[in-house]
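This report examines a disulfide and its surroundings. The sequence and the structure are shown first.

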Amino acid sequence: VQNGRTIPALGVTTKSGYLYILNRETGRPIFGVDERAVPKSDVPGEFAFATQPIPVKPPPLARVAYQPGDLVTADDTTPEHARACAELVEKIGGVYNAGPFTPWRYRAEGAAPAVTLGFPGGLGGANWGGTAFDPASRLLLVATQDVGALGSIEKAKAGSPLPYEKTTPGRATFDVRIGDTNLPCQKPPWGRLSAINTSTGDFAWQVPLGITEQLPPEKQNTGRPVLAGPIITASGLVFIASTDDNRFRALDLKTGREMWVAKLPRRGNADPITYQGRDGKQYVAVVATDTLMVYRIQ
């Protein structure tokens, strides 16, 4: 549980596709949690637990599973991108995913590839930015990304302190390099901002966060990988920079509609802050990699 002391009654897992809403006094799930069967491990001597606790509400915030039909197509993005992703899957001998909490598959010496595709990948789901909470509306905001992780478990090399080790098929993430940008190989969206009504456990809204400028204009609203989280002002504005399209955005808290956007010199990799200046005006600031960018709210 993260932020349990600062957000009453709420906790959020990071690097996961799920949000667990708990009673702050008892720790009990407010909307219930089901113990659901999850895939078994086939690594020799490893016994993964048979079930995992899955919240009844809200639904997953990020992708937690993958099927062959989820592979990106030319209609989703471009023929070049779709072809590169299909070639990647063929080159590594296919990918395996059995749903949420799929463990890394074991590849015996001399055996055919057994590449697992895990969602969320090692970067999330939610990343280090945490959440933002508005006590008036009871809305909780979480930024998430969908970048799958590729890997297998193999027998470790001689001299290793462990019998097995995780390996990758050349790429650790389920994406390809097109021009100067990495494009995920599953269908968009690839990054989202979600608002959860903590009184009901339902989504108030969920929108793609970030654009892919290399795509045709009508296909750019894909969402992008994220790092940091949002903040909410008392006037009902949501500020977030986070995405690798180097944008700083303000959205309407009630609807998720984009109200303002600015291009940063580099990626915004921290949560924004807001404050009142000596002139009595309100400002919002964010660190864009190594530059502090400050804007006045009119």
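A disulfide, that is, a pair of cysteine sulfur atoms within 2.5 Å, joins Cys85 to Cys185, with an S to S distance of 2.1 Å. The model is predicted, so that local features need pLDDT of at least 70 and side-chain atom pairs count only at pLDDT 80 or more, while totals for chains, interfaces and linings use all residues. Residues are numbered from 1 along each chain as its sequence is written, and side-chain values use heavy atoms, leaving out hydrogens and water.

A search of the whole structure finds 1 disulfide. The link of Cys85 and Cys185 is left-handed, with -80 degrees about the S-S bond. It connects distant parts of the chain, 100 residues apart. Helices (H or I, at least four residues) and strands (E, at least two) are DSSP runs, numbered from the N terminus. Buried denotes under 20% relative accessible area, exposed over 50%, and partly exposed in between (1.4 Å probe, protein chains only).

| Cysteine | Location | Relative accessible area |
|---|---|---|
| Cys85 | helix 1 (residues 79-91) | 0%, buried |
| Cys185 | loop between strand 11 (181-184) and strand 12 (191-197) | 0%, buried |

Cys185 also belongs to the largest nonpolar core, a set of buried Ala, Val, Leu, Ile, Met, Phe, Trp, Tyr and Cys residues joined through side-chain atoms within 4.5 Å. Of the 18 residues in this core, Leu88, Leu117, Leu150, Phe174, Val176 and Cys185 touch the most other members. Helix 1 and strand 10 (175-178) are the elements that give two or more residues to the core, and helix 1 supplies the largest share, 4 residues.
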